[in-house]
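Trainee: Could you take me through one part of this model in detail? I'd like to start with the nonpolar core and then follow the strands that lead away from there.

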Amino acid sequence: KGDNKMLRRFKVILEPEAGGGYSVYVPALPGCASQGETIEECMVNAKEAIGLYLESLKEDNIPLPESDVLLEEVEVNA
């Protein structure tokens, strides 16, 4: 089949939850989020969520995002 899939990379943000586990967000894909008890579980769940998100964009004929977000660090005196 001519399934012209290409490898895409997306940055994810993991935030610890007060009750344990993590929430994971994909800044380049608004509304794409998941969660998990461990970082490893979050990464598996994020990959699945991204796949479903991209599939729904294709089904709705919405173009895939061209680029991901940039992440930089800033140092401040506190």
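Mentor: Happy to, and keep in mind as we go that this is a predicted model. The largest nonpolar core has 14 residues, and those touching the most other members are F10, V12, V26, L29, C32, I50 and L54. Helix 1, residues 39-59, is the element that gives the most to this core, with seven residues. As a general point, nonpolar side chains in soluble globular proteins tend to be buried together.

Let's pick V26 from that group. Setting aside residues up to four places away in sequence, V26 touches F10, K11, V12, C32 and I50. Of these, F10, V12, C32 and I50 are also named among the core residues that touch the most other members.

One step back along the chain is Y25, which has its place in strand 2. Is Y25 buried, partly exposed or exposed? Y25 counts as partly exposed because its relative accessible area is 34%, and partly exposed covers the range between under 20% for buried and over 50% for exposed. Beyond its neighbours within four places in sequence, Y25 is in contact with K11, V12, I13, E15, C32 and A33. Y25 and E75, by contrast, lie 50 residues apart in sequence and 23 Å apart in space, going from C-alpha to C-alpha.

Now for the strands themselves. Strand 1 (residues 13-16) pairs with strand 2 (residues 22-25) in the antiparallel sense, over four bridges. Two of the partnerships are easy to find: P16 is bridged to Y22, and L14 has V24 as its bridge partner. The two strands form a hairpin with five residues between them, and in the turn G20 has a positive phi of about 105°. Strand 2 also pairs with strand 3 (residues 33-36), again antiparallel and over four bridges. Here S23 stands opposite Q35.

To finish, look at the largest pocket, which holds about 640 Å³ of space. Of the 17 residues that line this pocket, M6, R8, F10, I50 and L54 are the closest to its centre. You have met some of those names before: F10, I50 and L54 are also among the core residues that touch the most other members. The lining as a whole divides into nine nonpolar, two polar and six charged residues.

Notes. Residues numbered from 1 in each chain as written. Predicted model: local features only at pLDDT ≥ 70, side-chain atom pairs only at ≥ 80, totals over all residues. Heavy atoms only, no water. Core = buried A, V, L, I, M, F, W, Y, C linked by side-chain atoms within 4.5 Å. Buried < 20%, exposed > 50% of the residue type's maximum accessible area, 1.4 Å probe, protein only. Contact = heavy atoms within 4.5 Å. 1 Å grid on protein atoms, 1.4 Å probe; cavity = no way out; pocket = protein on both sides within 12 Å on 5 of 7 lines; lining within 4 Å. Points joined across faces, edges and corners; volume = space filled by probe spheres on them. Nonpolar A, V, L, I, M, F, W, Y, C, P; charged D, E, K, R; others polar. Pairing = 2+ DSSP bridges.
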